[in-house]
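The following exercises invite the reader to work through a structure step by step. Each task is followed by a worked solution.

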Amino acid sequence: MSEKETRKSRIFRLSRRKTLKGLAAGLGAIALPKKNASAAVWESFFQKNFRELSRSEMMDVVSRLEKEYSTRYGKSVKVKTTPSLEGVLYGYGLDLSRCIGCRRCVYGCVSENNQSRDPQIHWIRVLRLSKERGVDLEHAEQYYNPANVPEEGHFYMPVQCQQCENAPCTKVCPVQATWKENDGIVVVDYNWCIGCRYCMAACPYGARHFNWKKPGLQAADVNPDTHYLGNRPRPVGVVEKCIFCMQRTREVEGKYPACVEVCPVGARKFGNLLDPESEIRFVIENKRVFILKEELNTQPKFYYFYSV
Amino acid sequence: MKKVWAFIKGCFVLLRQGSKLYYSWLSFLLALIVIGVLAYSNQMYKGLITTAMRDQVSWGFYISNFTFMVGVAAAAVLLVIPAYVYQWKPIKEIAILGELVAVSAMVMCLLFVTVDLGRPDRFWHLIPKIGILNFPQSLLAWDVVVLNLYLVLNFSIAGYMLYSYYYKRQPNMKYVTPLLLFSIPAAISIHTVTAFLYNGLAARPFWNASILAPRFLASAFCSGPAGMILMFQVIRKWTKFKITDQAIFKIAELIAYAMFLNLFLLGAEVFKEYYSDTAHLAPMKYLYQGLEGHSDLVSYIWTATLFNITAFLLFLIPQTRENQVTLNIGCILIFVGVYIEKGMGLVIPGFVPDVLGDFYEYSPTGVEILVTLGIWATGLLIFTMLLRIAVPIMNGDFHVSEDGIHPHIGDDLFLVRRVEDVEEEGDLLTQ
């Protein structure tokens with residue numbers, strides 16, 4: 001950014017902050033009677049977009065949220081804001097010849113990422129496809145429920161956010177509540193999303209999910225290790241999606257998302273695309289890889305492959 | 001400024017005066033609005049789970065109604081063009097009604113979008129400078145801009161003209177004409193942008209067809225004017241406002257052309273999908289034939305198609321176009337036909353089957369229907385109140401009195417059955 005631009009954006013931010021402060025003061029005065037309880041409500045109402053928070057504002061937001069969650073769930077909940085790691089671009093591999101359709105990844109994801117249990121929100125959907133038809137989504141079955149998997153004549157294809165480089169969902173958001181981070185993860189600011197669901201219409205992979213009601217999350221089920229842009233408990237009326245378990249993967253290099261760890265057949269691979277020695281690079285360079293809906297030019301960083 | 005204030009005060013005095021019918025009509029609408037507000041508070045309290053929308057079908061009845069109403073609003077240009085580009089007198093006299101329709105329809109559109117939001121409390125995120133409007137990236141941001149612009153534009157034009165007539169002056173056309181001319185591309189743009197909002201999504205093959213925007217415009221020029229013809233007849237029967245048959249028949253003729261285009265474009269799309277028979281056929285098959293046992297929309301879309309074709313024939317033949325009965329039947333058929341086709345018939349197949357081949361059949365819940373009724377009632381209430389002011393002004397029954405301050409109100413009834421007018425019309429028809 002040139003110096004001029006920086007200055008311009010600073011002036012712009014300053015004036016916006018003043019407007020917001022004025023508004024907050026005015027409305028805060030109305031709410032005076034219940035001062036302490038409503039202060040947090042107003043603060044969250046006037047909270048800025050995550051990407052525009054200054055360091056101190058971010059700390060305020062985090063402590064407010066931690067307090068809120070800890071009171072609600074009766075245990076200490078941590079909200080991290082760890083940024084992307086330098087020189088990391090995450091990629092994901094899924095071995096279609098290994099996947100047995102057991103859905104352990106689906107539920108592993110749910111408990112790691114604090115999804116609503118009532119109604120159930122699943123970031124991963126496993127499709128059962130027939131071997132004769134191949135990857136034919138029109139005849140895919142998501143609600144298969146046999147006693148044992150895998151079933152004769154079928155193979156399985158889990159679908160989750162493909163973390164597109166050319167993401168159609170971020171482009172359409174009218175308020176920039178969703179964007180692609182430097183490590184390639186597409187995130188949602190749950191405190192900025194207005195719930196218009198345009199991104200859900202735009203996503204070709206059905207990877208975005210909406211909180212149609214207040215998420216049903218029991219205190220016992222809460223994973224207290226959370227990230228602001230990731231798995232922290234979500235409010236009603238906003239969109240959420242897979243974030244490659246950034247609360248894990250951004251902390252220690254080489255740490256896997258929950259779905260990778262839980263997969264009993266090792267069908268899931270994860271790693272840094274910029275590291276030539278990584279597992280995911282090996283998969284891309286040595287296996288038969290395909291991209292779901294490649295013709296849409298979404299450029300996913302999610303690679304399906306066949307190991308055998 | 002003092003004069004503006006006097007005018008506004010006069011308008012409020014006028015709004016309170018009216019016949020029993022006027023009052024019962026307003027109370028009826030208010031009752032519907034109250035029901036709508038109650039239903040909406042229920043939705044606010046429980047979340048959008050009270051609607052039938054789910055992850056697979058993430059937009060439903062609200063956005064369908066929104067899309068249809070954008071069309072109705074855009075159709076106001078069908079009056080503005082003959083009136084101000086071709087200076088055709090019979091329509092020039094009533095062009096202001098088109099602008100009032102546009103204003104009311106725009107308010108309805110904004111309400112439909114608002115009730116569809118998961119977080120209406122965060123609407124301010126859309127306001128540039130205070131929030132972040134993702135312009136020009138997001139087509140929804142474009143829509144926010146053009147819809148509000150169109151609302152302000154029509155409101156200012158109509159308001160300024162009525163204000164001038166109230167003070168017995170001719171409006172200064174130096175200001176009005178450019179605005180009126182600008183309202184033509186603005187009307188086209190609101191509907192084009194709304195079409196692009198769907199059109200730009202490669203994930204949804206049913207919408208991702210370049211013919212979508214032209215189809216939107218063609219159908220808008222059917223439904224909006226059809227609704228207006230029906231309204232004109234009510235207005236001229238129940239108020240003192242005169243609308244000539246000539247004007248109505250001209251609009252009906254324009255509808256015939258627009259409907260031809262609409263049916264032609266639809267045919268072009270049906271041909272392309274069925275003949276090429278790719279995976280992209282699925283949503284259209286779901287809409288027209290039903291797919292894998294899912295066929296909720298089939299009867300609706302065929303009703304719409306039948307209505308549109310019948311109406312097209314009625315409007316094509318001059319004898320039926322200029323017969324009060326067949327004309328009104330045609331208008332109703334078109335209004336309902338396009339409401340289905342450009343409402344649910346457009347939005348839902350975009351989501352069924354969904355992007356991973358899942359079928360979720362959507363039909364609106366009671367809450368969605370009540371909220372929608374409430375918004376329609378709000379639109380009609382606004383339109384009635386605008387008419388309450390505009391009609392007497394245009395008739396010379398509401399203007400500033402001799403003292404230059406207080407209003408003169410010559411029509412304290414507004415909505416009354418005008419027996420003599422009906423006879424006159426009858427005479428005109430037999431001529």
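**Exercise 1. The nonpolar core**

In this predicted model, the largest nonpolar core holds 207 residues, and the members that touch the most others are Ala73(B), Cys109(B) and Tyr150(B). Identify the helix that gives the largest share of this core, and list the contacts of Tyr150(B) beyond four places in sequence.

Solution.

Step 1. Helix H6 of chain B, residues 95-116, supplies the largest share of the core, with 16 residues.

Step 2. Once neighbours within four places in sequence are set aside, the contacts of Tyr150(B) are Ala73(B), Ala102(B), Met106(B), Ala186(B), Ala187(B) and Ile190(B). Ala73(B), in this list, is also named with Tyr150(B) among the core members that touch the most others.

Step 3. As a general background, nonpolar side chains in soluble globular proteins tend to be buried together.

**Exercise 2. The two chains as wholes**

Describe the make-up of chain B and of chain A, and decide how the radius of gyration of chain B stands against the value for a compact globule.

Solution.

Step 1. Begin with the secondary structure. Chain B contains 17 helices and two strands, while chain A contains nine helices and twelve strands.

Step 2. Turn to burial. In chain B, 48% of the 431 residues are buried; in chain A, the buried part is 41% of 308 residues.

Step 3. Consider contacts between residues at least 6 apart in sequence. Those joining residues at least 24 apart make up 77% in chain B and 65% in chain A.

Step 4. For the overall form of chain B, the box filled by its C-alpha atoms is roughly 70 × 55 × 40 Å along the principal axes. A compact globule of 431 residues would have a radius of gyration near 22 Å, and chain B agrees with this because its own value is 22 Å.

**Exercise 3. Where the chains meet**

Determine how many residues of each chain are in contact with the other, and which element of chain A gives the most to its side.

Solution.

Step 1. The count is 42 residues on chain A, in contact with 40 residues on chain B.

Step 2. On the side of chain A, the elements giving two or more residues are helix H1 (3-30), strand E3 (125-130), helix H5 (168-172), helix H6 (198-202) and strand E7 (209-210). Of these, H6(A) gives the most, namely four residues.

Step 3. By character, this side of chain A comprises 26 nonpolar, nine polar and seven charged residues.

**Exercise 4. Backbone features in loops**

Locate the cis peptide bonds at Pro119(A) and Pro150(A). Then decide whether Lys168(B) is buried or exposed, and do likewise for Phe414(B).

Solution.

Step 1. Asp118(A) and Pro119(A) are joined by a cis peptide bond with omega about 0°. Pro119(A) belongs to the loop between helix H4 (104-112) and E3 of chain A.

Step 2. A cis peptide bond also links Val149(A) to Pro150(A), with omega about -5°. The loop that holds Pro150(A) runs between E3 and strand E4 (154-159) of chain A.

Step 3. Lys168(B) is not a glycine, yet its phi is positive, at about 55°. This residue sits in the loop between helix H7 (139-166) and helix H8 (173-199) of chain B. Lys168(B) counts as exposed because it has 9 C-beta neighbours inside 10 Å, and the limit for exposure is 12 or fewer.

Step 4. Phe414(B), also a residue other than glycine, has a positive phi near 70°. Its loop lies between strand E2 (407-409) and helix H17 (419-430) of chain B. With 24 C-beta neighbours inside 10 Å, Phe414(B) counts as buried, the threshold being 20 or more.

**Exercise 5. The surroundings of Tyr62(B)**

State where Tyr62(B) is placed, and which residues beyond four places in sequence it contacts.

Solution.

Step 1. Tyr62(B) is part of helix H3, residues 61-74, of chain B. Tyr62(B) is buried, because 24 other C-beta atoms lie within 10 Å.

Step 2. Beyond four places in sequence, Tyr62(B) contacts Phe112(B), Val115(B), Asp116(B), Glu368(B) and Thr372(B).

**Exercise 6. Confidence**

Find the stretch of chain B where pLDDT stays under 50.

Solution.

Step 1. Chain B has a mean pLDDT of 92, with 97% of its residues at 70 or more.

Step 2. The stretch is residues 421-431, for which the model has six contacts beyond four places in sequence.

Step 3. For the model, ipTM is 0.92 and pTM is 0.91.

How values were computed: Residues are numbered from 1 along each chain as its sequence is written. Chains are lettered from A and ligands numbered from 1 in the order in which they are written. This is a predicted model: local features need pLDDT of at least 70, side-chain atom pairs count only at pLDDT 80 or more; totals for chains, interfaces and linings use all residues. The radius of gyration is taken over C-alpha atoms; the globule rule is 2.2 Å times the number of residues to the power 0.38. Two residues are in contact if their C-beta atoms, placed from the backbone, lie within 7 Å. A nonpolar core is a set of buried Ala, Val, Leu, Ile, Met, Phe, Trp, Tyr and Cys residues joined through C-beta atoms within 7 Å. Ala, Val, Leu, Ile, Met, Phe, Trp, Tyr, Cys and Pro count as nonpolar, Asp, Glu, Lys and Arg as charged, and the others, Gly among them, as polar. pLDDT is the predictor's confidence in each residue, from 0 to 100.
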